[in-house]
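Thanks, everyone. I'll take this one quickly, starting with a strand pair and working outwards.

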Amino acid sequence: MINKIDVKTELNLANSTILVVDDQPINIKIVDKILSSEYKIVAATSGDQAIELCNKNPPDLILLDVVMPYMSGIETCVILKQRLSTAEIPIIFVTSCEQQDEEEACWENGGVDFINKPIKPTTLKNRVKAHLTLKYQRDMLSSLVFIDYLTKVYNRRYFEEHITKLENSSNREKQDSALLLVDIDNFKLFNDVYGHIRGDISLKQVAVRIQDTLMRPSDFVARLGGGIFAVILPNTELIGAISVGEKIRRTVLAEEIAHPKSSVKFLSVSVGISTVFTAQQNMVTLLDDAENYLRHAKQSGRNICKHGQLV
Ligand SMILES: Nc1nc2c(ncn2[C@@H]2O[C@H](COP(=O)(O)OP(=O)(O)OP(=O)(O)O)[C@@H](O)[C@H]2O)c(=O)[nH]1
């Protein structure tokens, strides 16, 4: 899953990043020599390092050595497939082992293909190209289904599909997750004064400002309809969610989009913030709580973030 949507209209594989994971630097060098003229190559010499790199900056494809000390390629793959932000990255296993059991374990745990060592340059180039092409076609299809046509952030459909995945991931990783409902204040009056075209322009501006506030690859924003956006922050406690909510509120206000019918004179947002405590609540409660806090924010005069008790 990605938090920033790059709607590609044509296939351009040259901007792709490939992560090569191998405990032997010589093997990384071999792959680098074959692929670096066509793609950007990043490298990791352990499973831990690969996971860290993927969390910071998800690559487009991973070439993963199967046999590594401490954490094997298969263990690394399992962890990457469990996390929302890395689950969709295609993983090609690179192996010198020809045992059937190992091959089956690679398929079962989410690998999309195999390449045998010693690596044949033509095979590597063609397999990588084929899987990158598939990935971009899939991304393009997803962007048609899951992107809000007006603001280009995710749509309600994406939100609904991913909120269930978030519940599973939250429970599995024993981490809190946060939901922010961000609603433009007095948007009906804004539309009444300036018309729907200016209303649409400001909706896009608010979407960009929210998107810019999100720093982690796993965070995402979706427009649920009208002037209301949902922001999902996986692995985030209430204190962190409040700081993101406040930043969104301040950033939208700082745009200084004139709104004559607003008490603050500019377009503002109200924010309802809730967090899910691992395995104690589900996503329905999370959504209900965020809606209640958003209602409190509106009743308290708007341009404010409301949330539950900090413990
Ligand atoms: N420009 C534009 N307006 C929209 C769009 N979708 C919904 N709206 C308008 O957004 C307004 C939503 O208003 P509400 O959320 O009911 O209330 P509000 O005026 O924002 O008031 P509070 O939420 O109480 O601050 C309505 O006037 C809708 O017609 C859209 O895609 N573009």
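This is a predicted model, so keep that in mind throughout. Start with strand 4, residues 91–95. Four bridges join strand 4 to strand 5, and the two run parallel. Pick out Val94. Its bridge partner in strand 5 is Ile115.

Now the helices on this sheet. Helix 3, residues 73–82, packs on the sheet and touches strand 1 (17–21), strand 3 (61–65) and strand 4. Its direction makes about 150° with that of strand 3. Helix 5, residues 121–146, also packs on the sheet. Helix 5 touches strand 1, strand 3, strand 4 and strand 5. Against strand 5, its direction makes about 165°.

Zoom out to the sheet as a whole. It is open, with five strands in the order 2-1-3-4-5 and parallel pairing. At the edges sit strand 2 (40–44) and strand 5 (113–116), each pairing on one side only. From one strand to the next, the twist averages 20°.

Back to helix 3. Which of its residues are buried? Gly73, Ile74, Thr76, Cys77 and Leu80. Look down the axis of helix 3: the buried residues fall within an arc of 155°, so they line one face of the helix. What do they pack against? Strand 1, helix 2 (47–56), strand 3, strand 4 and helix 4 (100–108).

Next, Asp65. This residue is found in strand 3. UniProt, in an unreviewed entry, places the feature "modified residue: 4-aspartylphosphate" at Asp65. Is Asp65 buried or exposed? Buried, because 25 other C-beta atoms lie within 10 Å and the cut-off is 20 or more. Set aside its neighbours within four places in sequence, and Asp65 is in contact with Val21, Asp22, Asp23, Asn27, Gly73 and Val94. We have met two of these names: Gly73 is in the buried set of helix 3, and Val94 is the bridge partner of Ile115.

Last topic, the nonpolar cores. In soluble globular proteins, nonpolar side chains tend to be buried together. Here the largest nonpolar core has 44 residues. Those with the most contacts inside it are Leu180, Val182, Ala222, Val231, Val271 and Ile273. Elements giving two or more residues to this core include helix 6 (156–173), strand 6 (177–184), helix 8 (196–213) and strand 9 (269–276). Take Val231. Not counting residues up to four places away in sequence, Val231 touches Leu180, Val182, Ile210 and Val221.

There is a second, separate core of 26 residues. Among its members are Val20, Val21, Cys77 and Ile92. Cys77 is one of the buried residues of helix 3, and Val21 is in contact with Asp65.

Conventions:
Residues are numbered from 1 along each chain as its sequence is written. This is a predicted model: local features need pLDDT of at least 70, side-chain atom pairs count only at pLDDT 80 or more; totals for chains, interfaces and linings use all residues. Two strands pair if DSSP finds at least two bridges between them. Axes are lines fitted to C-alpha atoms, for helices over the stretch in contact, and angles run from 0 to 180 degrees between N-to-C directions. Two residues are in contact if their C-beta atoms, placed from the backbone, lie within 7 Å. A nonpolar core is a set of buried Ala, Val, Leu, Ile, Met, Phe, Trp, Tyr and Cys residues joined through C-beta atoms within 7 Å. A residue is buried if 20 or more other C-beta atoms lie within 10 Å of its own, exposed if 12 or fewer, and partly exposed in between; C-beta atoms are placed from the backbone. UniProt positions are given in the numbering used here, feature names are shortened, and annotations may be inferred rather than shown by experiment. The arc is that of the directions from the helix axis to the C-beta atoms.
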